[in-house]
Amino acid sequence: MNNNLVFYGTGAAEAIPSPFCSCRVCRFAREHGGREERARSMLRVSDELSLDLGPDAVLRAMRFGDLTKLRHVLVTHTHLDHFSYDMMEVRSMSLDAQEPLVFWLTDEAFRAVECFRTSEFLGAETDRLLKKGAMEFRRLEYGKTETVAGVRVTPLRGNHRGQIGENSANYLLELPDGRTLYYGLDTGWYLPETFEALRGRALDLLVSECTYGLTPDRGEQPEGHLDAFACERLIHALFEQGTLTASSRVYLTHINHHASTGAELTAWFAQRSFPCPVTVAWDGMRIGEEER
Ligand SMILES: [Zn+2]
Ligand SMILES: [Zn+2]
């Protein structure tokens with residue numbers, strides 16, 4: 001089975017159903033299962049490359065494909081639903097992994113490595129894992145392109161703050177088949193510099209957070225996280241500046257339990273009008289699969 005462009009998780013930090021929650025959305029998800037269940041967000045780009053590696057990767061790998069060939073992780077930001085120390089431990093316990101798993105962190109997020117190493121809690125363990133060759137940390141710079149696992153990768157600044165206050169990295173990927181994909185999570189309303197960097201890019205694929213779903217009144221251009229209404233405005237704004245075209249495809253992920261079930265969110269997007277197809281993604285969905 002190939003793992004190209006598979007959503008290993010499409011939920012926000014609390015997941016759906018959230019284990020400690022009995023709200024309407026979580027109860028609906030328990031009752032219906034399937035596409036209503038959302039693990040913490042992660043996109044497997046290829047066998048070798050993933051966007052984030054959150055705490056649910058262990059269980060999602062059992063269902064959607066193991067991580068034995070995974071070599072590189074592009075970290076969007078240091079929130080623990082995206083960047084899990086436990087996954088480094090799990091990697092270090094492999095009996096046959098030969099090379100380190102490389103975590104790519106952008107600019108300020110790279111400080112997390114120093115935070116690990118100087119911490120009384122994680123310092124000695126981090127040094128042990130690095131010495132053992134379980135993982136390796138490498139640095140990316142906003143706006144600078146690097147080739148990672150055959151994919152040209154350019155991080156752009158997101159309007160979302162991680163665990164150590166850093167801006168998130170959203171990733172512009174040029175895939176080996178020539179398609180472009182922008183991974184906008186977590187992002188909030190795009191910063192002016194990010195709109196500018198994406199102007200006229202005619203993306204093939206946009207994967208965007210839609211964290212708050214149908215939560216109303218979060219503002220025209222919410223910081224930190226998007227909702228369905230902001231996503232709608234964003235899609236139109238990106239279309240107007242040539243970032244999206246009629247042949248682009250948009251996928252929504254990183255969805256929380258605050259206001260809407262998956263079915264409600266999907267129905268809402270289906271009755272709005274967009275310049276290109278928009279799909280509310282689900283765990284296990286492969287990009288392109290929604291068209292068959
Ligand atoms: Zn998140
Ligand atoms: Zn809930």
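## A tour that starts at E12

Select E12 and E13: these two strands run parallel and are joined by 3 bridges. Keep in mind as you click around that this is a predicted model. For a landmark in the pair, pick Leu252, which sits opposite Val280 of E13.

Now stay on E12, residues 249-253, and color by burial. How many of its residues are buried? The count is 5 of 5, so the strand is largely enclosed by the rest of the structure. Show the side chains next: Arg249, Tyr251 and Thr253 point one way, while Val250 and Leu252 point the other way, and all are buried.

Move over to the other partner in this part of the tour. Strand E11, residues 205-209, pairs with E12 through 5 bridges, again in the parallel sense. Click Leu206 and you'll find Val250 of E12 opposite. To see how the chain gets from E11 to E12, follow it through helix H7, residues 228-240; this β-α-β crossover is right-handed.

**Zoom out to the sheet around E12**

Select E7 to E13 together. These 7 strands make an open sheet with mixed pairing, in the order E7-E8-E9-E10-E11-E12-E13. At the edges are strand E7 (146-148) and strand E13 (278-280); each has a single partner strand, so one side of each is left without a neighbour in the sheet. Going from one strand to the next, the twist averages 30°.

Head for the E7 edge. E7 pairs with strand E8, residues 151-161, over 3 bridges, and here the sense is antiparallel. Glu146 is the residue to click: its opposite number in E8 is Val153.

As a reminder for both kinds of pairing you've now met, strands of a sheet pair through backbone hydrogen bonds, either parallel or antiparallel.

**Hop to the other sheet**

Select E1 to E6. This is an open sheet of 6 strands, in the order E1-E2-E3-E4-E5-E6, and the pairing is mixed. Which strands are at the edges? They are strand E1 (6-9) and strand E6 (135-140), each pairing on one side only. Ignoring direction, neighbouring strands in this sheet are turned by 25° against each other on average.

Zoom in on E1. Strand E2, residues 42-44, runs antiparallel to E1, with 3 bridges joining the two. Find Phe7, whose bridge partner in E2 is Leu43. Then add helix H2, residues 57-64: this helix lies across E1 and E2, running at about 140° to E1.

Next, select helix H3, residues 85-92. Its Met87, Met88 and Arg91 are buried. Look down the axis of H3 and you'll see why they make a set: the buried residues fall within an arc of 105°, so they line one face of the helix. What covers them? The cover for the buried residues of H3 includes H2, strand E5 (101-106), helix H5 (123-132) and E6.

**Last stop: the whole chain**

Show everything as a cartoon. The protein chain has 8 helices and 13 strands. Its C-alpha trace spans about 55 × 45 × 40 Å along the principal axes. The radius of gyration is 18 Å, which agrees with the value near 19 Å that a compact globule of 292 residues would have. Color by burial once more: 46% of the 292 residues are buried. And of the contacts between residues at least 6 apart in sequence, 68% join residues at least 24 apart.

Conventions. Residues are numbered from 1 along each chain as its sequence is written. Chains are lettered from A and ligands numbered from 1 in the order in which they are written. This is a predicted model: local features need pLDDT of at least 70, side-chain atom pairs count only at pLDDT 80 or more; totals for chains, interfaces and linings use all residues. Two strands pair if DSSP finds at least two bridges between them. Helices (H or I, at least four residues) and strands (E, at least two) are DSSP runs, numbered from the N terminus. Axes are lines fitted to C-alpha atoms, for helices over the stretch in contact, and angles run from 0 to 180 degrees between N-to-C directions. Two residues are in contact if their C-beta atoms, placed from the backbone, lie within 7 Å. The radius of gyration is taken over C-alpha atoms; the globule rule is 2.2 Å times the number of residues to the power 0.38. A residue is buried if 20 or more other C-beta atoms lie within 10 Å of its own, exposed if 12 or fewer, and partly exposed in between; C-beta atoms are placed from the backbone. The arc is that of the directions from the helix axis to the C-beta atoms. A crossover is right-handed if, with the strands pointing away from the viewer, the path from the first strand over the helix to the second runs clockwise.
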